[in-house]
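Me: I'd like to practise reading a model with you, feature by feature. Could you give me the general idea each time and then the case at hand?

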Amino acid sequence: QVRGLCGTYNWDQGDEFATPAGDVEVGVAAFANKYRVSSACPVLGPVPFEPCSTYAPRRELAAAACAILHGAPFQ
């Protein structure tokens, strides 16, 4: 019952980039763009950007969110 940014947990890496529409993206940027919920979020291009320098004021918030994903429930 899990899908999206957290994956599907079915041990099939071929469907880990499943989008809300049910299709499967092959690139990280295209996958992330499908989950944009606000037009205020920039569309990601094919070249990775440096999030820590682009969004420096949100570093603490990002670190806290990542700590949750690195926690016991996700291991």
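Reply: Below we go from the overall fold to salt bridges, a few contacts and the surface. Keep in mind that this is a predicted model.

Me: Let's start with the fold. How many helices and strands does the protein chain have?

Reply: Begin with the list of elements, then their order. Here the protein chain has 3 helices and 0 strands, and from the N terminus the order reads α-α-α.

Me: What share of the 75 residues counts as buried?

Reply: For burial, we use relative accessible area, and buried means under 20%. In this protein chain of 75 residues, 13% count as buried. The accessible surface comes to about 6100 Å², and carbon and sulfur atoms account for 64% of that.

Me: And among contacts between residues at least 6 apart in sequence, what percentage join residues at least 24 apart?

Reply: That one is about sequence separation. Of the contacts between residues at least 6 apart, 12% join residues at least 24 apart.

Me: On to charges. How many salt bridges does a search of the whole structure find?

Reply: The general idea is that side chains of opposite charge can pair when their charged atoms come close. In this model the search turns up 2 salt bridges. One pairs the side chains of Lys34 and Asp23, at 3.1 Å from N to O. Lys34 sits in helix H1 and Asp23 in the segment before H1, so this pair ties together parts 11 residues apart in sequence.

Me: Which residue forms the other salt bridge with Lys34?

Reply: That's Glu25, whose closest approach to Lys34 is again given between N and O atoms, at 3.1 Å. Because the two bridges share a partner, look at them as a unit: Asp23, Glu25 and Lys34 are joined into one network.

Me: Is Glu25 buried or exposed?

Reply: Check the relative accessibility against the cut-off. Glu25 is at 18%, so it counts as buried, the limit being under 20%. Its partners in the network read otherwise: Lys34 is partly exposed at 38%, and Asp23 is partly exposed at 29%.

Me: What else does Glu25 touch?

Reply: For contacts, it helps to set aside residues up to four places away in sequence. On that basis Glu25, which is found in the segment before H1, touches Phe17, Thr19, Ala30, Phe31 and Lys34. With Lys34, the side chains also make a polar contact at 3.1 Å.

Me: Phe17 shows up in that list. Where is Phe17 found?

Reply: Place a residue by its element, then look at its contacts. Phe17 is in the segment before helix H1 (28-34), and at 29% relative accessibility it is partly exposed. Leaving out residues up to four places away, Phe17 touches Asp23, Val24, Glu25, Val26, Gly27, Val28 and Phe31. So its contact list takes in two members of the salt-bridge network, Asp23 and Glu25. You can also read the backbone: the C-alpha atoms of Phe17 and Val28, 11 residues apart along the chain, are 7.9 Å from each other.

Me: What about Asn33: which residues is Asn33 in contact with?

Reply: Same recipe. Asn33 lies in helix H1, and beyond its neighbours within four places it contacts Pro42, Val43 and Leu44. Its C-alpha is 9.0 Å from that of Gly45, a residue 12 places away in sequence.

Me: How many disulfides does the structure hold?

Reply: Here you look for paired cysteine sulfur atoms. The structure holds 0 disulfides. As for cysteines, Cys41 is partly exposed at 37% relative accessible area, and Cys66 is partly exposed at 40%.

Me: Last one, the surface. Which residues form a nonpolar patch?

Reply: For a patch, you group nonpolar side chains that share a stretch of surface. The patch here is formed by Tyr9, Ile68, Leu69 and Phe74, with about 430 Å² of accessible area together. Take Phe74 as an example: it lies in the segment after helix H3 (59-69) and is partly exposed at 35% relative accessibility.

Note on methods:
Residues numbered from 1 in each chain as written. Predicted model: local features only at pLDDT ≥ 70, side-chain atom pairs only at ≥ 80, totals over all residues. Heavy atoms only, no water. Patch = residues over 30% accessible without salt bridge, like charges linked within 9 Å, V, L, I, M, F, W, Y side chains within 5 Å. Areas by Shrake-Rupley, 256 points an atom, 1.4 Å probe, with all protein chains shown as cover. Salt bridge = Lys/Arg side-chain N within 4 Å of Asp/Glu carboxyl O. Helix = DSSP H or I, 4+ residues; strand = E, 2+ residues; numbered from the N terminus. Buried < 20%, exposed > 50% of the residue type's maximum accessible area, 1.4 Å probe, protein only. Disulfide = S-S within 2.5 Å. Contact = heavy atoms within 4.5 Å. Polar contact = N/O pair within 3.5 Å; in protein donor to acceptor, adjacent residues only side chain to side chain.
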